[in-house]
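Me: I have this one open on my screen and would like a close look at a single part of it. Pick the part that you find worth the time, walk me through it slowly, and then show me how the rest is arranged around it.

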Amino acid sequence: RKVQITIPKLSPTHTKAKIYRWNANVDESNSYLNCHDLVFTLQCSPDILTMTHRKYETHEPLMIVETHDEGIIRIHKQFLKCGWLNVGQVIGEIDDGDTSNEDDPIVPTDWLWQAYTHDTTND
């Protein structure tokens, strides 16, 4: 099964994010991800939070995103270094190598992920 890696929508109002850091090894082909591996850290647009929850008006919080899918990660090269991306933008895929349903039409499946706030103070 292949799943599409997208820029996740982290709140109902969230519209854009920038890849702040790749946590997964995306420079090597056939890099394998396990469930709960960190994929990337996102710098999120201020609209992820309502004004009352922002530190300041233009606050762009960082979020660490981990996968709940396993398999080989492949990122489209143009997204290895890029600027702001819309939520839902497909940037790559995770392929678990299961070919049991190869005869079925390809139906894109979004990946399963979990996100956590991140503070760079301890980086």
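**A close look at β5**

Reply: Let's start with the contacts of the chain as a whole: if you take those between residues at least 6 apart in sequence, 73% join residues at least 24 apart. Keep in mind that this is a predicted model. There are 0 helices and 9 strands to deal with, so the element string is simply β-β-β-β-β-β-β-β-β from the N terminus on, as helices and strands here are DSSP runs.

The part I'd pick is β5, residues 62-67. Its place is in an open sheet of 5 strands, ordered β7-β2-β4-β5-β9 and paired antiparallel. At the edges of that sheet stand β7 (85-86) and β9, and since each has a single partner strand, one side of each has no neighbour in the sheet. In the strand order, β5 comes between β4 and β9.

Take the β4 side first. β4 and β5 are antiparallel partners over 5 bridges, and one pair to click on is Q43, which stands opposite L62 in β5. Now the β9 side: 6 bridges join β5 to β9, again antiparallel. There, T67 stands opposite W113 in β9. In general, strands of a sheet pair through backbone hydrogen bonds, either parallel or antiparallel.

So, is β5 covered or open to solvent? Mostly covered: 6 of its 6 residues are buried. The side chains split by direction, with L62, I64 and E66 pointing one way from β5 and M63, V65 and T67 pointing the other way. Both sets are buried, and that includes E66 and T67. For scale, 37% of the 123 residues of the chain count as buried.

W113 is a good place to look next. This Trp lies in β9 (residues 113-118) and, at 29% relative accessibility, counts as partly exposed, because buried would need a value under 20%. Beyond its neighbours up to four places away in sequence, W113 touches V65, E66, T67 and H68, as well as P8, K9 and L10. The C-alpha atoms of W113 and H68 are separated by 5.3 Å, although the two residues are 45 apart along the chain.

On the other flank, β4 (38-44) also pairs with β2: 5 bridges join these two antiparallel strands, and the bridge partner of R21 in β4 is T41. The loop between β4 and β5 holds Y56, which is partly exposed at 48% relative accessibility. The C-alpha atoms of Y56 and P46 are 9.2 Å apart, with their positions 10 residues apart along the chain. Just ahead of β4, H36 sits in the loop between β3 and β4. H36 is not a glycine, yet has a positive phi of about 80 degrees, and this residue is partly exposed too, with a relative accessible area of 46%.

How does β5 tie in with the rest? The largest nonpolar core has 25 residues, and β5 is among the strands that each supply at least two of them, alongside β1, β2 (16-22), β4, β6 and β8. The most comes from β4, with 4 residues. Those with the most contacts inside the core are I5, W22, F40, L42, I73, I91 and W111. I5, for instance, contacts F40, I73, I91 and W111, among others further than four places away in sequence. Nonpolar side chains tend to be buried together in soluble globular proteins.

Some of those core strands belong to another open sheet, with 4 strands in the order β1-β8-β6-β3, also antiparallel. Its edges are β1 (2-6) and β3 (31-33), each with a single partner strand, so one side of each lacks a neighbour in the sheet. Neighbouring strands there are turned by 40 degrees against each other on average, direction ignored. Within that sheet, 4 bridges join β6 (residues 71-75) to β8 (residues 90-95), and I72 has D95 in β8 as its bridge partner.

Last, zoom out. The C-alpha trace spans about 50 × 30 × 25 Å along its principal axes. A compact globule of 123 residues would have a radius of gyration near 14 Å, and the 15 Å of the chain agrees with that. About 7700 Å² is exposed, 48% of it supplied by carbon and sulfur atoms.

Note on methods: Residues are numbered from 1 along each chain as its sequence is written. This is a predicted model: local features need pLDDT of at least 70, side-chain atom pairs count only at pLDDT 80 or more; totals for chains, interfaces and linings use all residues. Side-chain values use heavy atoms; hydrogens and water are left out. Two strands pair if DSSP finds at least two bridges between them. Axes are lines fitted to C-alpha atoms, for helices over the stretch in contact, and angles run from 0 to 180 degrees between N-to-C directions. Buried means under 20% relative accessible area, exposed over 50%, partly exposed in between (1.4 Å probe, protein chains only). The radius of gyration is taken over C-alpha atoms; the globule rule is 2.2 Å times the number of residues to the power 0.38. Contact means heavy atoms within 4.5 Å. Accessible areas come from the Shrake-Rupley method with a 1.4 Å probe; for residues, only the protein chains shown count as cover. A nonpolar core is a set of buried Ala, Val, Leu, Ile, Met, Phe, Trp, Tyr and Cys residues joined through side-chain atoms within 4.5 Å.
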